[in-house]
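Me: Please teach me how to read a protein model, feature by feature. I am new to this, so plain words would help.

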Amino acid sequence: MRTRATSVVALLLALLLGLAPVLTGCSSGPDETKQPGGDEPSSSGGEAGAVTADQLVALLAGAGIATYAEAGAKAPLRTPATGGKARLLRWQVDTMTRQLNALRGYRGTDLDVLAGSRQVPVSVVLAAYVEAARTPGAEASRTLMGDQDFARHAREIVYPDAVLAFFAHDLGAGSGPAAGPASGPGSSSYGGEDCGRLRDFLAEGLGQGAGGVLPTLWSTATEIGTSSASLALPALTGPVQHTVGTAARQLGVLASASSLLNPWAIRITGSPDPAHFSRGGQGTEVVVTAEVGPDVTAGATWPADLTTCAKAAGVTLPAPVGVTGSPVTWTVRPDAVARVTTTDPRIGADGTARLHLTTGTETAADHENGPLLAEPVAVSTSVAALRVPSLPALLTGLFGANPALLPDLVSVQGPVGWVTINHHGPAPGKTPSGSATPTACPSVGVGVLPDGTWTGPITMDVQARGGSAAFTSSPGVGTMTLVVARGQVTRGTWKVGWTSTGHAETAQAAATVDLTASIAGTVRGPVTLPVVAGRWALHGKASITEPVQQTAPIDESGRASTTMTVESTACDAVTGTFLPSFDAKDAAASFTGTARWVGTRKD
C-alpha cells in the first residue's frame, strides 16, 4: 500500500525537480470505439479521457491564449497567464474540444506537406515540442495527447488543432506572417466594416509567445528526426529558426481556420458487432454507419460575425449540424474475413453514410469443434464537408491563408472504427486448407508472425530520467511466449525486470532514487502488429537531500501498452521489437525501453 509519506515525497520531488506529478497511460490508437490493443501509431488523446470546453479554455489561458465569447467581447472568459494578444473564439474552442474527443486531427506527414520544408519536417519539431518543451502550452499538449511513441512515429501520429495552437503560440512568435496578400488579416478592405470585428479579431494570430523555446528542444528534435524519419536535422542557425517559426505560424493558421470553419465530427458504429461467420450460405451481412456531426448541438448556428463575413465573400455555409451530399471516402483493412459489398458515396439527408460488409463462411464441424477466433476489421472515413466555390476567398480574406490549407480544412477525417468478426478455426485433427500437414510452416510474408507457439528471451535497453538528469539502469531481461493461430496472437505472456538508480539535481533541490522495476502482462492482436500490454511495478526508496532531508519508500504500479514490430520470420525463429514506456509519479521519473524478443518454435 502506498504511504502518505511516499505521496508527500513524490509531490515535493515533482515540484522541485520540474516534473508534472501526473501519470499518463500509453495511447492505444486512433480509434474512438477502443479495439483491445489498439491500432498502429496512436492518435491524439492518449488515455486522458473526455475533455470539456471549460477545461480547454483553462489550459489555453494558462499558456497565454485568451478565449472570447464573441469577436466583439470586451473581456476574455478567463484571464490569460500572460498579457499577449493571442486569442480564440469560444466557438473555436468548442470545435477543438469536439475534435479532441472524437480523436480527430492531422497526421504529421500531412503537416509536413503543408509547411513545405523538407530539410526540417515540422512534424519532427512538433513531436519534440510535445515531448520535451517546458512551457505551459507544451505541458497542456502532453496532457491532451497522453503518452506517444514520438521516437518511432512522429510523422504518423495525429495532432489535434489545440496542440497546433499551443505550438504556434510558443514557436511562431516573431517569424513574420505565415502567408497573406494585402487584403489578409488586419486589412480594412476585406468584407468592409460589416466583417471588421471578426477580421480584426483573427488578425492577432496565435504566434504571440515569448519565443526562445526552439533552442531548448532542438536536441530532442534531432534525435526524433533520426529515429522517426532517418533524417539528420541541420544545426539551429538563424535561417533554420525562421523556417521553423514560419511553419509554426502556418499550423496556427490551420488550427484557427479549421476550428472556425470545420466543426464536424464522425462517429462509426457497426451492426451486428461482433458478427459471426455463417455456417455455409452467403456469409453474414454487417452494416457500418458513419454519422457526421453527432456531437454538434442540434440547432447550432455559425457565429454571427462569420456568417456576415461569408455573405460578404459570396459564401453560403452549410448548416453546422448537417453535411448532406458531401462525398465520402471509405478505408477498410484488413479484408481477409469480410468483403465490402456496397458503400454509400455521399452523406445522406439523415447525416449518415453506410458501408456493407459480408463475412466469410465456415463448416458446421468447425463451428461445433474448432477454436473460436476474433478478428478485428478497421473501418475509417473521410468526408469532404465544406465544398463551396468561394471558400478560398473567405479563407484568404480572413486569415491571409495559403490555399494549400484547403484540403486539410474542408475534409473531416473520421476515427478508426472497429468491427469484430468471430469465426472458428479448423476442428481438431482437421488439416487447414492449403497446408500439407497440420504442422506445416505457412508462408505468411515478412513482418507477420507464423502460426504456432513461440517462446524466447527479451532484452531491453532501459532509459530513465528524473527531470533533466539520466538514471543509471541495468539491462532489462525477461521472456515472452506467444500462441499464434489464423492471423491472430490468441494468447501471449511476457515479463521483464531491471534496476535503476538516479540522482536528480537543480539549484533548489536534490534527490536520489533507488529502484527495482518490473513489467509483465499479455500479448494479443493481429500478427502484423500485436499489442504488448502489461502492469509495471516499482519498489525502492527516494532520498531527498536538499532543501530538506527525508527518505520514503516507493511502492508504485500502473499499466502501459505498445505495439510490437515483427522484424523477421522463419519456420523456426522470429524476432520482434517494442518500446514500453511509462511515467512514475512517486519516483518522479519517466522510463522508456527498447525491447528485443527472439522467439523459437515450441510445436
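Me: Which residues of α6 are buried?

Reply: Let's settle the words before the case. A residue is buried under 20% relative accessible area, exposed over 50% and partly exposed in between, judged with a 1.4 Å probe and protein chains only. Helices (H or I, at least four residues) and strands (E, at least two) are DSSP runs, numbered from the N terminus. In α6 (136–145), the buried residues are Gly137, Ala138, Ala140, Ser141, Arg142, Leu144 and Met145. That makes 7 of its 10 residues, so α6 is largely enclosed by the rest of the structure.

Me: How far can I lean on this model, and how are its residues numbered?

Reply: The model is predicted, so local features need pLDDT of at least 70 and side-chain atom pairs count only at pLDDT 80 or more, while totals for chains, interfaces and linings use all residues. Residues are numbered from 1 along each chain as its sequence is written, and side-chain values use heavy atoms, with hydrogens and water left out.

Me: What covers the buried residues of α6?

Reply: Look for contacts, meaning heavy atoms within 4.5 Å. The cover of α6 includes α2, α3, α5, β4 (158–159) and α8. After α6 comes Gly146, with a positive phi near 70 degrees. For comparison, most residues other than glycine have a negative phi.

Me: How many residues of α5 are buried?

Reply: Helix α5 spans residues 122–132, and 9 of its 11 residues are buried. Among them are Val124, Ala128 and Tyr129.

Me: Which residues have the most contacts inside the largest nonpolar core?

Reply: The general idea is that in soluble globular proteins, nonpolar side chains tend to be buried together. A nonpolar core is a set of buried Ala, Val, Leu, Ile, Met, Phe, Trp, Tyr and Cys residues joined through side-chain atoms within 4.5 Å. Here the largest one has 56 residues, and Tyr129 and Tyr159 have the most contacts inside it. Helices that each supply at least two of its residues include α2 (53–62), α5, α6 and α8 (161–171). Setting aside residues up to four places away in sequence, Tyr159 touches several residues, including Leu126, Ala127, Met145 and Phe150. Another core lies apart from it, with 47 residues, among them Trp264, Val288, Ala338 and Val379.

Me: At what angle do the axes of α10 and α11 cross?

Reply: Two packed helices are described by the angle between their axes and the distance between the axes. The axes are lines fitted to C-alpha atoms, for helices over the stretch in contact, and angles run from 0 to 180 degrees between N-to-C directions. Angles under 35 degrees count as roughly parallel, over 145 as roughly antiparallel, 65 to 115 as roughly perpendicular and the rest as oblique. The axes of α10 (residues 214–229) and α11 (residues 238–261) come within 12 Å and cross at roughly 90 degrees, so these helices are roughly perpendicular to each other. Where they meet, Leu214, Pro215 and Trp218 of α10 face Val240, Gln241 and Val244 of α11 in contact. By class, this contact has 5 nonpolar, 1 polar and no charged residues. In that count, Ala, Val, Leu, Ile, Met, Phe, Trp, Tyr, Cys and Pro are nonpolar, Asp, Glu, Lys and Arg are charged, and the others, Gly among them, are polar.

Me: Is Ala221 buried or exposed?

Reply: Ala221 is in α10 and counts as buried, at 0% relative accessibility. Beyond its neighbours within four places in sequence, Ala221 contacts Val124, Ala128 and Leu233. Now try Ala50, in the loop between α1 (4–17) and α2. At 66% relative accessibility, Ala50 counts as exposed. Not counting residues up to four places away, Ala50 touches Gln55 and Asn101.

Me: Where does Pro272 lie, and what kind of peptide bond leads into it?

Reply: Most peptide bonds are trans. The bond from Ser271 to Pro272 is cis, with omega near -5 degrees, and Pro272 lies in the loop between β5 (266–271) and β6 (275–276). The bond from Asp273 to Pro274 is also cis, with omega near 5 degrees. Pro274 has its place in the loop between β5 and β6.

Me: How many helices and strands are there in the protein chain?

Reply: There are 15 helices and 27 strands. Of the 603 residues of the chain, 52% count as buried.
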